[in-house]
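Good morning, and thank you for making time on the agenda. I would like to take you through one structure, moving from its sheets to its ligand.

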Amino acid sequence: MTTDDVLTELRALQAGDLPTHGGATMAYVYDSGRAEIEEIAAAAQAAFQWTNALDPTAFPSVARIENDLVGAAVALLGGDAATVGTLTSGGTESCLLAVLAARERWRSRSGSPAAPGRPRLLLPVTAHAAFRKAAHLFDLEVVDVPVDPETCRAVPSAVAGLLDDRTALVVVSAPSYPHGVLDPVGEVAALAAATEVPCHVDACIGGWILPFLDDVPEPFDLSVPGVTSLSVDLHKYGYAPKGVSVLLTADPELRQDHWFATAGWPGYPVVNPTLAGTRPAGAMAAAWAVHRWLGTDGYRELARQAHDATRALATGIDAIGGLRVVGDPVSTLVAVAQDGPDGVDVLNLADEMTARGWLLQPQPPFAQDGGHMPATLHLTVTGATAGRVDALLADLAEAAVSAAALPRPVADADLVAAAATIDPAALTVAEVDALLELAGVGGGRLPERMASVHALVAALPRPVAERLLAGVLDLVYRPSREAAIG
Ligand SMILES: Cc1ncc(COP(=O)(O)O)c(C=O)c1O
């Protein structure tokens with residue numbers, strides 16, 4: 001095949017994808033709206049696409065790029081002379097490594113890996129799911145910290161009541177992904193410090209935008225006493241391509257706790273600062289180039305633009321009958337909920353907005369000890385959406401009217417009753433496939449209208465829902481039989 005043929009075929013695969021540009025896809029992607037950023041990122045990525053960041057002594061350029069980016073993060077996020085960091089592949093990996101480091105520290109302090117029981121991870125229920133994955137992988141017990149159901153901020157008095165000598169780490173978000181609100185970082189970090197427990201600030205989504213805003217209500221970074229590590233993603237509001245995040249640790253000892261070294265095999269001596277062995281350098285180089293090109297002033301301008309758009313959006317949404325904005329959106333994320341018992345169902349609203357070309361991400365209702373949290377729609381606002389706020393609000397107002405006319409989505413009662421009797425761990429893949437067929441997502445094909453599927457997921461016992469969700473992906477990922485690549 002010719003180069004053109006191959007690339008034409010490859011691009012054709014994107015026809016069914018959500019648009020990555022234009023600001024209508026309000027999750028997953030971060031479009032600055034500036035073509036120059038894309039150009040410089042692509043050129044930098046291409047220049048480093050064959051480089052292996054596995055060994056920065058073989059490729060000193062990579063060490064320089066990593067040190068420059070970590071240095072920029074230290075300066076931006078309240079670090080001091082002791083602060084060090086590691087570049088990772090993304091927010092999830094940064095969060096995983098923060099938990100791993102804390103677990104290793106806890107083990108070394110508590111004497112033996114076995115006693116006294118499993119280490120605990122204190123997690124506001126709004127903390128990113130990556131921390132639950134970390135607990136699963138590294139064998140920690142998750143202790144849910146309730147959030148205030150109105151403000152959606154973690155409750156410090158609950159943290160105080162849960163801290164004990166088995167606590168390996170407390171997490172706070174700046175801001176949280178679901179609602180875009182800032183946890184009380186100072187209060188929680190002080191409580192953690194008083195019991196000598198590390199405190200991680202997950203600033204994956206806010207860390208490259210909050211420092212550029214003038215009206216952040218309280219400090220949230222490494223300058224806050226008691227904060228021991230912080231994660232921030234360059235592939236979000238650093239406007240770098242996917243695959244680059246920073247994990248900062250307040251001291252070099254804690255960083256060693258998530259590194260791995262072995263001379264215990266006949267191959268090359270291994271030192272891995274992250275979970276990966278071979279590490280792509282392309283996204284790191286692109287992040288470096290974008291940062292160099294934009295500079296602090298460029299980031300400030302983009303941050304202000306997205307933040308102004310967010311405020312306009314929040315005001316406009318509050319003015320639409322039947323909808324309300326949840327909590328105090330501190331950066332560029334907005335969560336929209338039904339306003340009052342007769343308000344607009346937001347799962348129906350999501351479907352209506354999809355039909356109008358927007359992706360607003362549905363978040364199911366959530367039961368927690370601190371009080372019920374309603375279903376919401378999540379909106380990530382970037383520079384690209386800034387120019388479209390009026391169009392978005394107009395579509396939302398219209399979609400709200402249409403959504404209000406629809407029946408409220410309810411889970412099939414028979415299915416929910418049957419699910420209560422199921423042991424999800426005992427289900428085979430074929431049995432899960434059959435259940436998905438009953439649930440209306442047979443073959444892994446999602447229906448155009450998703451409201452009832454979300455309602456069902458929310459109504460199922462969590463372990464059953466999790467097994468079925470994995471079942472959907474199991475159907476999505478099946479090897480191509482008519483091999484396109486032969
Ligand atoms: C606060 C927060 N933490 C962690 C993550 C996980 O990041 P990633 O998807 O890059 O793994 C996200 C992603 O949106 C996030 O918003």
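I begin with an open sheet of four strands, whose order is 10-11-13-12 and whose pairing is antiparallel. Its edges are strand 10, residues 323-325, and strand 12, residues 361-363, each of which pairs on one side only. From one strand to the next, the twist averages 30°. Please keep in mind throughout that this is a predicted model.

Within this sheet, strand 10 meets strand 11, residues 333-338, in the antiparallel sense, and three bridges connect the two. If you wish to find the register on the display, look for Leu323, which stands opposite Gln338 in strand 11. Which helix lies across strand 10, strand 11 and strand 13? That is helix 9, residues 282-318, and its direction makes an angle of about 145° with strand 10. Strand 13 itself covers residues 376-380.

I turn now to the other sheet. Seven strands form an open sheet in the order 1-7-6-5-4-2-3, and here the pairing is mixed. Strand 1, residues 84-88, and strand 3, residues 141-145, are the edge strands, each pairing on one side only. The twist in this sheet averages 20° from one strand to the next.

An antiparallel pair in this sheet is formed by strand 6, residues 229-233, and strand 7, residues 245-249, with five bridges between them. As a point of register, Val232 has Val246 in strand 7 as its bridge partner.

Two helices deserve mention here. Helix 4, residues 91-109, lies across strands 1, 2, 4, 5, 6 and 7, and runs at about 150° to strand 4. Helix 7, residues 185-194, lies across strand 4 and strand 5, at about 170° to strand 4.

Next, two points of backbone geometry. Most residues other than glycine have a negative phi, and most peptide bonds are trans. Where does the model depart from this pattern? The bond joining Ala174 and Pro175 is cis, with omega at about -10°, and Pro175 is located in the loop between strand 4 and helix 7. Asp139, although not a glycine, has a positive phi of about 60°. Asp139 belongs to the loop between helix 5, residues 130-138, and strand 3.

Finally, the ligand. Which residues surround the ligand? They are Gly90, Gly91, Thr92, His128, Tyr177, Asp202, Cys204, Ile205, Asp233, His235 and Lys236. By class, this shell comprises three nonpolar, five polar and three charged residues. Several of these positions can be related to the sheet we have just discussed: Asp202 falls in strand 5, which covers 199-202, and Asp233 falls in strand 6, which covers 229-233.

Three side chains bring polar atoms to the ligand. For Asp202, a polar side-chain atom lies 2.6 Å from a ligand nitrogen atom. For His235, an N or O atom of the side chain is 2.8 Å from an oxygen atom of the ligand. For Asp233, a polar side-chain atom lies 3.5 Å from a ligand oxygen atom. As for accessible area, the ligand taken alone exposes 390 Å², and the protein buries 84% of that.

That concludes the presentation, and I would welcome your comments.

Technical notes. Residues numbered from 1 in each chain as written. Predicted model: local features only at pLDDT ≥ 70, side-chain atom pairs only at ≥ 80, totals over all residues. Heavy atoms only, no water. Near = heavy atom within 4 Å. Polar contact = N/O pair within 3.5 Å; in protein donor to acceptor, adjacent residues only side chain to side chain. Areas by Shrake-Rupley, 256 points an atom, 1.4 Å probe, with all protein chains shown as cover. Nonpolar A, V, L, I, M, F, W, Y, C, P; charged D, E, K, R; others polar. Pairing = 2+ DSSP bridges. Axes fitted to C-alpha atoms, helices over the stretch in contact; angles between N-to-C directions. Contact = heavy atoms within 4.5 Å.
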